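The following note is offered as a colleague's reading of one structure, set out in numbered points. Please keep the sequence and the model in view while reading it.

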Amino acid sequence: MGNLCTCFSPKTPVKTKKPAKSLQGNSQTGPNSSNRWTRIRSTRKDTHDAMIHEQALAAAILFRQHQQQNGSDSGSFPFDRSVSLRYPNGSGSKKTQLPRSSSSRARSLTDPLLQPHQLVNRDIKLDDLETNHFVLVHGGGFGAWCWYKTIALLEEGGFKVTAIDLAGSGIDSFDTNGITSLSQYVKPLTDFLEKLADGEKTILVGHDFGGACISYAMELFPLKVSKAIFVAAAMLTNGQSTLNMFSQKAGSSDLMQQAQIFVYSNGNNHPPTAINLDKSLLRDLLFNQSPSKDVALASVSMRSIPFAPVLEKLSLSDIKYGTVRRFYIETSEDNAIPITLQESMINSSPPEKVFRLKGADHSPFFSKPQALHKLLVDISKIPST
């Protein structure tokens, strides 16, 4: 989202694969041609088996050396299996490197694999946390589907996770053009919180426009929210609307202005009812650091952003909203809500602590899923002061 509706006038919606090389059959015919092919296959298999045997032997020797260097023969210490990641440019000692994986799939440079000592789920005692229940709230146009990596990582660590589809989003069947208020848009979230048992707390996570949505919910149910985490999100002050906040950078994002397509279901003489984003510009605007497969998922899953909630001013009080602990996660490579705007919101209403995801675009659940997961878990462990 970001810089929504700088004007309300209608807009006009704006490798060839190389043929696979076929294996040419041997033109030789005769009684011995079949035997000759069998011998070739057998030789290749023997060579392959020998190579695997050598690799296994090298790994075993390295493991034994590592045991001896650490004075342990029991193998009870954690063995660092990430040696191949330590010398990405080939500058390390070849004698101590494990053989490279035979996989041809390139690792993501935007979210490298975590080292064993960085695994955040190993020593978490969930019973010591005030709550282990995360409630994930998507941004404008997104849906619960965008959190699929975050959901998997959190659940693997034993956390309870609920991802909400706001009205007219994700698989919710409501017509986006019929949403006339923020309360109507946020109703799936407020209904969920209302049904929680007394004393049951959650950690609310809001992305993009979802920040305004969790703020609205925090004002209604402050006792059911242990912490609120704003991820590249609209963190508003009392009496401010999302439109007010984004207008602070009017004219600074030509890309956003180009991407916006206003929908006028009530006629061109009335305000827009929704906003679509030009799919040809989605990658540059929202996913400039994200994997192609996630961009493809978003391109077929994103829906219109309801317009009325963007205009609505929030009513936030110190005795309710102000009592919930807030944390902000900045995204440094964000083209939708630039880092300067994120810092402006932080300065206007300082949260308890600010974190920054380096190399993350506007959708860190795609571009930096492991790093985002680590921050979420770290924030869950911050004790009450």
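1. The structure under discussion is a predicted model. A convenient place to begin is helix H2 and its surroundings. The buried residues of H2 pack against two strands, E1 (133–137) and E2 (160–164), and against three helices, H8 (292–301), H11 (364–367) and H12 (369–380).

2. Which residues of helix H2 are buried? In H2, which spans residues 148–156, they are Lys149, Thr150, Leu153 and Leu154. These residues lie on the same side of H2, because the arc that they cover around the axis is only 125 degrees. A general property of helices helps here: an α-helix has 3.6 residues a turn, so residues three or four places apart point the same way. Just after H2 comes Gly158, whose phi is positive, at about 95 degrees.

3. The packing of H2 on H12 deserves a closer description. The axes of the two helices are 10 Å apart, and the packing angle is about 50 degrees. H2 is therefore oblique to H12, since an angle of this kind falls outside the ranges that count as roughly parallel, roughly antiparallel or roughly perpendicular. The crossing of H2 past H12 is right-handed.

4. Which residues make the contact between H2 and H12? From H2 come Lys149, Thr150, Leu153 and Leu154, and from H12 come Pro369, Gln370, Leu372, His373, Leu376 and Val377. By type, the residues of this contact divide into 6 nonpolar, 3 polar and 1 charged.

5. Helix H8 contains Asp294. Is this residue buried or exposed? Asp294 counts as buried because its relative accessibility is 1%, and the cut-off for a buried residue is under 20%. Apart from neighbours within four places in sequence, Asp294 is in contact with Tyr148, Lys149 and Phe366. Of these partners, Lys149 is also one of the buried residues of H2.

6. Attention now turns to Ile337, which is located in the loop between strand E8 (325–331) and helix H10 (339–348). With a relative accessibility of 0%, Ile337 counts as buried. If neighbours within four places in sequence are left aside, Ile337 is in contact with Asp208, Ala232, Phe246, Gln342, Met345 and His362. A further distance may be checked in the model: the C-alpha atoms of Ile337 and Leu285 are separated by 9.4 Å, and the two residues are 52 residues apart along the chain.

7. Two of the contacts of Ile337, Asp208 and Ala232, merit separate comment. Asp208 is in the loop between strand E3 (202–207) and helix H4 (210–220), and Asp208 counts as buried at 0% relative accessibility. Although Asp208 is not a glycine, its phi is positive, at about 60 degrees. Ala232 is in the loop between strand E4 (225–231) and helix H5 (242–246). Ala232 is buried as well, with a relative accessible area of 0%, and its phi is near 45 degrees, a positive value in a residue other than glycine.

8. His207 lies in strand E3. At 0% relative accessibility, His207 counts as buried. What does His207 touch? Not counting residues up to four places away in sequence, its partners include Val137, His138, Trp147, Val231, Ala232, His362 and Phe365. Ala232 and His362 are also among the contacts of Ile337.

9. Helix H10 has two sides that may be told apart. Its buried residues are Ile339, Leu341, Gln342, Met345 and Ile346. They are on the same side of H10, because they cover an arc of only 165 degrees around the axis. Thr340, Asn347 and Ser348, on the other side of H10, are exposed. The buried residues pack against H5, E8 and strand E9 (353–357). Among them, Gln342 and Met345 are in contact with Ile337.

10. The last point concerns Phe174, in the loop between E2 and helix H3 (182–195). Its relative accessible area is 36%, so Phe174 is partly exposed. Phe174 touches Gly168, Ile179, Gln184 and Arg303, when residues up to four places away in sequence are not counted. The C-alpha atoms of Phe174 and Tyr185, which are 11 residues apart along the chain, are separated by 9.6 Å.

Methods
Residues numbered from 1 in each chain as written. Predicted model: local features only at pLDDT ≥ 70, side-chain atom pairs only at ≥ 80, totals over all residues. Heavy atoms only, no water. Helix = DSSP H or I, 4+ residues; strand = E, 2+ residues; numbered from the N terminus. Buried < 20%, exposed > 50% of the residue type's maximum accessible area, 1.4 Å probe, protein only. Contact = heavy atoms within 4.5 Å. Arc of directions from axis to C-beta. Axes fitted to C-alpha atoms, helices over the stretch in contact; angles between N-to-C directions. Parallel < 35°, antiparallel > 145°, perpendicular 65-115°, else oblique. Left-handed = near helix turned anticlockwise from the far one by under 90°. Nonpolar A, V, L, I, M, F, W, Y, C, P; charged D, E, K, R; others polar.
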